[in-house]
Amino acid sequence: MRILLKEPGKPVEIKETSERYISDAGRLYIPNGDIRHFILYGSVCFLFDDEACFKDLERNFILFNPRLIIPVQEIRGTVVGCKLKPINPFEEIWDYEVDELSDEDIENVSEIFSIEDEEKLEEYIKKIMKEMNK
């Protein structure tokens, strides 16, 4: 299944994984991290090292999300973008399963991952606001 890899200072890469669970897919690229996931939209998320700031890892991109208490966040370290398979709320799960990213998902996540500085963030916010006001 297709996932995205974004390392600091490098362009987004499309990778293939045969891993079933998101923590296993993340561990391939974030081997020594405390892996967490953050939902970007729908069932598309990114995996990151929760201790990246404490480890003083390099800035990767800037995240704008109005749902957050602090809507602009600096994301550090290597990040993996993936999609979660739908879950049955009546079944116990151990971990979320990886699902195939669509071409549209890849385009959207790549755009989010490309926000490296405040100038790109401003452009991105203007684009979102314009789309919301249609």
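**Figure 1. Asp56 sits in the loop between strand 4 and strand 5.** This close-up comes from a predicted model. Asp56 has a phi angle near 55°. That value is positive, and Asp56 is a residue other than glycine. Is Asp56 buried or exposed? Its relative accessibility is 60%, so Asp56 counts as exposed.

**Figure 2. Arg59 and Glu74 form a salt bridge.** The closest N and O atoms of the two residues are 3.4 Å apart. Arg59 belongs to strand 5, residues 59–64. Glu74 belongs to strand 6, residues 72–76. The pair therefore ties together parts that lie 15 residues apart in sequence. Arg59 is partly exposed, at 31% relative accessible area. Glu74 is also partly exposed, at 34%. Which residues are joined into one network by salt bridges that share partners? They are Asp56, Arg59, Glu74 and Arg76. Asp56, the loop residue of Figure 1, is thus a member of this network.

**Figure 3. Glu100 and Arg2 meet through their side chains in a salt bridge.** The N to O distance is 3.0 Å. Arg2 lies in strand 1, which covers residues 2–6. Glu100 lies in the loop between strand 8 (98–99) and helix 2 (103–113). How far apart in sequence are the parts that this pair ties together? They are 98 residues apart, so the bridge links a strand to a distant loop in the sequence. Glu100 is partly exposed, with a relative accessible area of 33%. Arg2 has a relative accessibility of 19%. Buried means under 20%, so Arg2 counts as buried.

**Figure 4. Arg2 also forms a salt bridge with Asp103.** Here the closest N and O atoms are 3.0 Å apart. Arg2 is in strand 1 and Asp103 is in helix 2, so the bridge ties strand to helix. These parts are 101 residues apart in sequence. Is Asp103 buried or exposed? Its relative accessibility is 56%, and Asp103 counts as exposed. Arg2, in contrast, counts as buried. The whole structure holds 16 salt bridges.

**Figure 5. The largest pocket has a volume of about 260 Å³.** It is lined by 14 residues. Which of them are the closest to its centre? They are Phe64, Asn65, Pro66, Tyr124 and Ile128. Three elements give two or more residues to this lining: strand 3 (35–41), strand 5 and helix 3 (118–132). Helix 3 gives the most, with four residues. By class, the lining has 12 nonpolar residues, one polar residue and one charged residue.

**Figure 6. The second largest pocket has a volume of about 210 Å³.** Its lining holds 14 residues. Phe48, Asp50, Gln73, Glu74 and Ile75 are the closest to the centre. One of these, Glu74, is the salt-bridge partner of Arg59 shown in Figure 2. Strand 4 (44–49) and strand 6 are the elements that give two or more residues to the lining. Which element supplies the largest share? Strand 6 does, with four residues. How do the lining residues divide by class? Eight are nonpolar, one is polar and five are charged.

**Figure 7. The chain is built from three helices and eight strands.** In what order do they come along the sequence? The pattern reads β-β-α-β-β-β-β-β-β-α-α. The chain has 134 residues, and a compact globule of that length would have a radius of gyration near 14 Å. The chain has 15 Å, which agrees. Its C-alpha atoms fill a box of roughly 40 × 40 × 30 Å along the principal axes. Of the 134 residues, 36% count as buried. Arg2, in Figures 3 and 4, is one of the buried residues. Now take the contacts between residues at least 6 apart in sequence. What share of these joins residues at least 24 apart? The share is 53%.

How values were computed. Residues numbered from 1 in each chain as written. Predicted model: local features only at pLDDT ≥ 70, side-chain atom pairs only at ≥ 80, totals over all residues. Heavy atoms only, no water. Salt bridge = Lys/Arg side-chain N within 4 Å of Asp/Glu carboxyl O. Buried < 20%, exposed > 50% of the residue type's maximum accessible area, 1.4 Å probe, protein only. 1 Å grid on protein atoms, 1.4 Å probe; cavity = no way out; pocket = protein on both sides within 12 Å on 5 of 7 lines; lining within 4 Å. Points joined across faces, edges and corners; volume = space filled by probe spheres on them. Nonpolar A, V, L, I, M, F, W, Y, C, P; charged D, E, K, R; others polar. Rg over C-alpha atoms; globule rule 2.2 N^0.38 Å. Contact = heavy atoms within 4.5 Å.
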